[in-house]
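Biologist: Could you pull up the model, so that we can go through it together?
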Amino acid sequence: MSFFKTKDPTIPPGQTLTTGFPILHVGDVPRFDAKTWRLTFDGLVENPYEMTFDELREEPTEEWRGDIHCVTRWTKKATIWRGVPFKRLVERARPMPEAKFVVQHADNDYTTNLPLDAMLGDDVLVAYEFDGSALEPIHGGPVRMLVPKLYFWKSAKWLKRFEFLAEDRKGFWEMRGYHNEADPWKEQRYSDMPSWFG
Ligand SMILES: Nc1nc2c(c(=O)[nH]1)N[C@H]1C(S)=C(S)[C@@H](COP(=O)(O)O)O[C@H]1N2
Ligand SMILES: [Mo]
């Protein structure tokens, strides 16, 4: 027996591996209607626009493979996602120079906020496939965000809208004390917690 926890350097500090795919969300799984669903880009952009699910699926896609991390301490290894790079869709919206932040809006009024810069990586996808199949409704399908470098609450399920802002505005969990930045390697779980708090 040891006082020290075994550390696996391949997963962020304080995380535990899961082989399943935990389900985590507030509210009920919303009903999807392809006739009315739109993905909207608005706020401080030169070219606000919206796209249908069919239009989204006409865009070139990328695959991302890697590990995802939830603030409730599970990490799931080697997940496989496919979707449209967010960067590509942003270019079309043409953010104004003062647009520095983005709020993802989802069904059930779920929101989460990030600096625009943090969302321009090649690994940030508007995702609609998981493990080679259509993303299941329970995991945010048909369309969810994937920002895999950050704790998973920064990846909105049932995505509907990107709002571009000059000033940061906290999202659903950020307003309730979750960390604004959410880097799992820095254990940015909650704000206003002393750094020694596990
Ligand atoms: N719309 C919406 N998206 C959400 C959430 C939510 O409550 N509503 N929860 C977040 C949290 S805390 C996590 S860990 C992941 C969980 O995704 P999963 O259920 O596919 O594992 O979704 C994130 N996206
Ligand atoms: Mo989470």
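Modeller: Here it is, and what follows is a talk through the ligand site and then the cavity search, bearing in mind that this is a predicted model.

Biologist: Fine, so how many residues surround ligand 1, and which are the closest?
Modeller: Ligand 1 is surrounded by 18 residues, and the closest of these are Pro22, Val26, His139, Arg144 and Lys157.

Biologist: And how does that shell divide by class?
Modeller: The shell around ligand 1 holds 13 nonpolar residues, together with three polar and two charged ones.

Biologist: What about polar contacts, say from the side chains of His139 and Arg144?
Modeller: In the side chain of His139, an N or O atom sits 2.7 Å from an oxygen atom of ligand 1, while a polar side-chain atom of Arg144 is 2.8 Å from an oxygen atom of the ligand. The backbone takes part as well, since an N or O atom of the Leu24 backbone is 2.9 Å from an oxygen atom of ligand 1.

Biologist: How much of ligand 1 does the protein bury, then?
Modeller: Ligand 1 exposes 520 Å² when taken alone, and the protein buries 99% of that area.

Biologist: Switching topic, how many cavities of 30 Å³ or more does a search of the whole structure find?
Modeller: The search finds one cavity of 30 Å³ or more, and the largest cavity has a volume of about 60 Å³.

Biologist: Which residues line the largest cavity?
Modeller: Its lining includes Phe32, Trp37, Asp107 and Trp158, along with the run Gly140, Gly141, Pro142 and Val143. By class, the lining of the largest cavity has seven nonpolar, two polar and three charged residues.

How values were computed: Residues are numbered from 1 along each chain as its sequence is written. Chains are lettered from A and ligands numbered from 1 in the order in which they are written. This is a predicted model: local features need pLDDT of at least 70, side-chain atom pairs count only at pLDDT 80 or more; totals for chains, interfaces and linings use all residues. Side-chain values use heavy atoms; hydrogens and water are left out. A residue is near a molecule or strand if one of its heavy atoms lies within 4 Å of it. A polar contact is a pair of N or O atoms within 3.5 Å; within protein, one must be able to donate a hydrogen and the other to accept it, and residues adjacent in sequence count only if both atoms are side-chain atoms. Accessible areas come from the Shrake-Rupley method with a 1.4 Å probe; for residues, only the protein chains shown count as cover. Ala, Val, Leu, Ile, Met, Phe, Trp, Tyr, Cys and Pro count as nonpolar, Asp, Glu, Lys and Arg as charged, and the others, Gly among them, as polar. On a 1 Å grid over the protein atoms alone, a cavity is a set of points where a 1.4 Å probe fits but cannot get out, and a pocket is an open set with protein on both sides within 12 Å along at least five of seven lines; lining residues have an atom within 4 Å of a point. Grid points are joined across faces, edges and corners, and a volume is the space filled by probe spheres set on the points.
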